[in-house]
Amino acid sequence: MITINKQSNLNNSNNQSFKGAATTTALKGIAKAADLFIKSQENLSSTRFIQDTATNWAPKAIFARSKADFAEMSFLEFLESGIFYFASPLLGEKLFRNKIFKNFSPEFIKNKVNEQIPKTVEEITKNSALTEDIKKRAISTKAGIVLACAAIPIAEYTLSFAKNLFTLKTFNKSNFNNIANLDKNNNEKEDKEQQQRVERNSKKQLKKAAILSAVGVAAGVGLALTGHKSDKLQTISKTILEPGKAISNGINKIGIHSDKADNILSKFSLDFANSNGKLALSKGQLALTAILGLFGYSKAAEDRGKLDVAEVWTRVPLVVFYTIFGGELFEKGFTKILQKKNKFPDILQTTANGKLNIPTREQLPQLAEKLSKVKNTSAGKELARLTKEKAFVTAVPYAFSLLFMGVSLSAITRLWTQYRYNHQKKEETKQINSFENIDKWVPTPEIYKEFSI
């Protein structure tokens, strides 16, 4: 088993010109398809976007109950995926970092400050090569960018209200029972009062979202401009970026200490992830956005009926949990099983401290070269094998998310909602019949005796 250095691979991969050098462009057939799959998986934003579309949109499209159901589901899923996985790097990296916030520092240090933005608070504060002014400006600017990007979780919360408005305006429907086609005889009529309530509340929420987003941008700009001038603003900046650590420190100050709790809390960060020096979606941002999305789903569903709320709370919490934790947990469990059976040791590497290390796609050619020298085989052949093995390790958890979280959950949710509706209608019919039978009831002689004086 060979462990390679990622940086040396990046430095040397462009210099491989000898005959038989392993390159991903030379892969063919199944290996080529496996390489394309791996490539799509090794970026958090694109990976999550593809998985979310596959596990949420496609199965629900298959089980769509009406044109309105299909249209609003498609509207929601594609916009939601875009918000989740591309808004952070686009707004945070391209707009706020490089177009706006970069210019808030003096000309002679603005590039140095900007270079620190993708790094963690700890990396910045412990960098002895930086002046205190640059450190403080970098931290407050990072926090300012996060505040300016508050529009992203706000948009996720509000998206369900936009979906309600879209369905109302496009199909003139606000009753969830009609949208989901639960009454196959189409006997339910639209309630004009409900339609007005849906439109009024949706527009109110959209306006509120616009105001809050503008406030977030203004607060972010203010913090980036002045955050380096005050220790209190520095503390606020660090709390915004790493709220988990702030909570942990606060608990410790009142005498409660737990290494396990501190370790868990310290991982909750709203800072961006560092993707080769660029801002990218972090798991903390993903978690916050997903959780707010759940409550947005539920609140918007209240306007359209109890069954819509019930369907949301049947499906969405599981999807949110899986989006944040489930995929990673399942993948860890699967790789542990493979390790115990000594499968794919060149892919499932164990480091000196006992941790799992899986080579990236960029590392595979260099690894193939080294293995080919050890085994006296073709580098191209080794690369094809490694690519297929890595694709298998990645594809099984992916398939699970598609089949269980996508197809099975969508089918079960829709069947369960239909069952609830049918049960509700039976209860309503029983009540109606009981009232109708009152007129036919004839008191018996025993009843007269019971109430006689």
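# A guided tour of the predicted model

The structure holds 23 salt bridges. The model is a predicted one, and the tour opens with its charged pairs.

**Salt bridges**

Select R361 and D35. Their side chains meet in a salt bridge, with 2.8 Å from N to O. The two partners come from distant parts of the chain, 326 residues apart: R361 sits in the loop between β4 (356-357) and α17 (364-375), while D35 belongs to helix α2 (residues 29-41). R361 is buried, with a relative accessible area of 19%. D35 also counts as buried, at 3% relative accessibility.

Select E93 and R97 next. Here the closest N and O atoms of the salt bridge are 3.0 Å apart. Both residues lie in helix α5 (residues 87-100), and their spacing of four residues is about one turn of the helix. E93 is buried, with a relative accessible area of 7%; the value for R97 is 7%, and R97 is buried.

Move to E188 and K425, whose side chains form a salt bridge at 3.6 Å, N to O. E188 is in the loop between α10 (176-179) and α11 (192-226) and K425 is in helix α18 (residues 379-436), so this pair ties together parts that are 237 residues apart in sequence. K425 counts as partly exposed, at 30% relative accessibility. To finish with the charges, select D346, K375, E382, R385 and E389, which are joined into one network by salt bridges that share partners.

**Aromatic rings**

The count of aromatic pairs comes to ten. Select F75 and F166 for a stacked pair, with 4.6 Å centre to centre and 5° between the planes. F75 in helix α4 (residues 67-85) and F166 in helix α9 (residues 151-171) are 91 residues apart, and their pairing links distant parts of the chain. F75 counts as partly exposed at 23% relative accessibility, and F166 is partly exposed with a relative accessible area of 26%.

Now display F96 and F101. Their ring centres are 5.7 Å apart and their planes stand at 80°, so the pair is edge-to-face. Both F96 and F101 are buried. Then select W57, F70 and F78, which form one aromatic cluster.

**A nonpolar surface patch**

Switch to a surface view and colour I291, F295 and W313. These residues form a nonpolar patch on the surface, with about 300 Å² of accessible area together. W313 lies in helix α16 (residues 306-340) and is partly exposed, with a relative accessible area of 40%.

**Cavities and a pocket**

Four cavities of 30 Å³ or more are counted, and the largest has a volume of about 240 Å³. To find its centre, select E72, K163, Y297, E311 and R315, the closest to it of the 18 lining residues. The elements that contribute two or more residues to this lining are α4, α15 (283-302) and α16.

The last stop is the second largest pocket, which holds about 630 Å³ of space. Select K267, F268, K283, F325 and E328: of the 18 residues lining this pocket, these are the closest to its centre. At least two lining residues are supplied by each of α14 (259-266), α15 and α16. Helix α16 provides the largest share of the lining, five residues.

Notes
Residues numbered from 1 in each chain as written. Predicted model: local features only at pLDDT ≥ 70, side-chain atom pairs only at ≥ 80, totals over all residues. Heavy atoms only, no water. Phe/Tyr/Trp six-rings, centres within 6.5 Å; stacked < 30°, edge-to-face > 60°. Buried < 20%, exposed > 50% of the residue type's maximum accessible area, 1.4 Å probe, protein only. Patch = residues over 30% accessible without salt bridge, like charges linked within 9 Å, V, L, I, M, F, W, Y side chains within 5 Å. Areas by Shrake-Rupley, 256 points an atom, 1.4 Å probe, with all protein chains shown as cover. Salt bridge = Lys/Arg side-chain N within 4 Å of Asp/Glu carboxyl O. 1 Å grid on protein atoms, 1.4 Å probe; cavity = no way out; pocket = protein on both sides within 12 Å on 5 of 7 lines; lining within 4 Å. Points joined across faces, edges and corners; volume = space filled by probe spheres on them.
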